[in-house]
Amino acid sequence: MEGLFASLSRAVEGSPAVALGAALLWGVLSVVLSPCHLASIPLIVGFMSEQKGLTVGRAFRIALLFSVGVLASIALIGAITAALGRMLGNVGGWANYLVAAVFFVMGLHLLDVIPLPTGGPAGLPTARRGYLAALAIGFVYGVALGPCTFAYMAPVLAVAFKAGASAPLFAAALFTAFGVGHCAVITAAGTSVKRVQDYLQWSEDSRALLIGRRVCGVLVLAGGLYFLYTAR
């Protein structure tokens with residue numbers, strides 16, 4: 001694993017094509033290898049399982065908005081903490097408590113203990129329900145992910161800042177590649193819910209889907225406990 005990280009770090013400093021590919025892979029690994037980010041998978045899968053009238057296209061858009069909310073939050077927190085002279089993304093232990101509270105509420109909701117209007121405002125068309133909720137949940141979730149994310153972004157940040165003055169487009173492309181890789185894992189996980197549902201011919205009221213939702217609820221609660229445990 002250390003060899004992989006070292007190879008990717010060197011690759012980011014290589015030719016533009018290799019650097020962009022390495023940044024993309026860093027984005028994927030920032031989710032796959034990070035307990036902080038892995039907790040988002042049961043959260044988005046559970047959220048997706050209760051959406052009414054779900055299609056593959058709509059599942060993709062909801063999952064994408066969730067991951068975009070996460071990245072937008074991380075970018076905002078990173079800019080604020082950098083301006084304040086603090087470590088990038090480090091907003092203190094309160095962020096962990098905030099995200100843990102969201103996880104506990106969502107976990108209990110997925111276990112049918114707490115009712116929540118996660119379908120979005122009633123005035124919105126059916127096709128848009130859930131979009132704002134997914135974006136908002138992703139944004140709140142991203143608040144606590146700063147230190148985790150920027151630890152994986154360190155090689156990309158170093159190269160991007162170095163190239164920023166002479167090649168700003170390349171620096172922006174590095175960040176974009178990292179963001180695409182980061183979003184791809186979460187978006188794929190959310191979209192897969194509908195594909196599995198169609199493949200196994202589960203309806204919205206299927207017992208198997210209900211069990212899966214409750215398993216996600218338990219995992220989301222476990223994620224909340226993890227954020228409490230790691231709070232500083």
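Buried, on this tour, means under 20% relative accessible area, exposed means over 50%, and partly exposed is anything in between, with a 1.4 Å probe and protein chains only. The model is predicted, so local features need pLDDT of at least 70 and side-chain atom pairs count only at pLDDT 80 or more, while totals for chains, interfaces and linings use all residues. Numbering starts from 1 along each chain as its sequence is written, and side-chain values use heavy atoms, leaving out hydrogens and water.

**The whole chain**

Start with a cartoon view. You should find 10 helices and zero strands; helices here are DSSP runs of H or I with at least four residues, strands are runs of E with at least two, and both are numbered from the N terminus. Reading from the N terminus, the order is α-α-α-α-α-α-α-α-α-α. Of the 232 residues in the protein chain, 44% are buried.

Switch on a surface if you like. The protein chain exposes about 11100 Å², and carbon and sulfur atoms supply 72% of that; accessible areas come from the Shrake-Rupley method with a 1.4 Å probe, and for residues only the protein chains shown count as cover. Contacts (heavy atoms within 4.5 Å) reach along the sequence too: among those with a separation of 6 or more, 76% are between residues 24 or more positions apart.

**Stop one: V31**

Select V31, in helix α2, which covers residues 16-32. V31 counts as buried because its relative accessibility is 0%. Now show its surroundings: not counting residues up to four places away in sequence, V31 touches H37, L38, H182, V185 and I186. For a distance to draw, try V31 to G181: the C-alpha atoms are 8.9 Å apart, with the two positions 150 residues apart in sequence.

**Stop two: the core**

What should you pick to get your bearings in the largest nonpolar core? Go for F47, M48, F66, F103, Y141 and F227, the residues with the most contacts inside this 45-residue set. A nonpolar core is a set of buried Ala, Val, Leu, Ile, Met, Phe, Trp, Tyr and Cys residues joined through side-chain atoms within 4.5 Å. In soluble globular proteins, nonpolar side chains tend to be buried together.

Colour by helix next. The elements giving two or more residues to this core are α2, α4 (40-49), α5 (56-83), α6 (94-110), α7 (131-142), α8 (146-164), α9 (168-199) and α10 (207-229). The biggest contributor is α8, with eight residues.

Zoom in on F66. Leaving aside neighbours within four places in sequence, F66 is in contact with S40, L43, I44, A134, I137, G138, Y141 and I186.

**Stop three: the aromatics**

Keep F66 selected and add F103, Y141, Y226 and F227; these five form one aromatic cluster. The whole structure has five aromatic pairs. Rings of Phe, Tyr and Trp (its six-membered ring) pair if their centres lie within 6.5 Å, and planes under 30 degrees apart count as stacked, over 60 as edge-to-face and the rest as tilted.

How do the rings of Y226 and F227 sit relative to each other? Their centres are 5.8 Å apart and their planes are at 75°, so the pair is edge-to-face. Y226 is partly exposed at 29% relative accessible area, whereas F227 is buried at 1%.

**Stop four: salt bridges**

Select D112, R213 and R214, which are linked in a network of salt bridges. A salt bridge is a side-chain nitrogen of Lys or Arg within 4 Å of a carboxyl oxygen of Asp or Glu, and the structure holds two.

In the bridge between R213 and D112, the closest N and O atoms are 3.3 Å apart. That pair joins distant parts of the chain: R213 is in helix α10, D112 is in the loop between α6 and α7, and they are 101 residues apart. The bridge from R214 to D112 has an N to O distance of 3.2 Å. R214 is also in helix α10, 102 residues from D112.

Buried or partly exposed? R213 is buried, at 14% relative accessible area, while D112 at 41% is partly exposed, and so is R214 at 37%.

**Last stop: a nonpolar patch**

Finish on the surface with F60, L64, V68, L132 and L135, which make a nonpolar patch of about 390 Å². Patches are made of residues with over 30% relative accessible area and no salt bridge, where like charges are joined within 9 Å and nonpolar side chains (Val, Leu, Ile, Met, Phe, Trp, Tyr) within 5 Å. α5 gives the most to the patch, with three residues, and L132 lies in helix α7.
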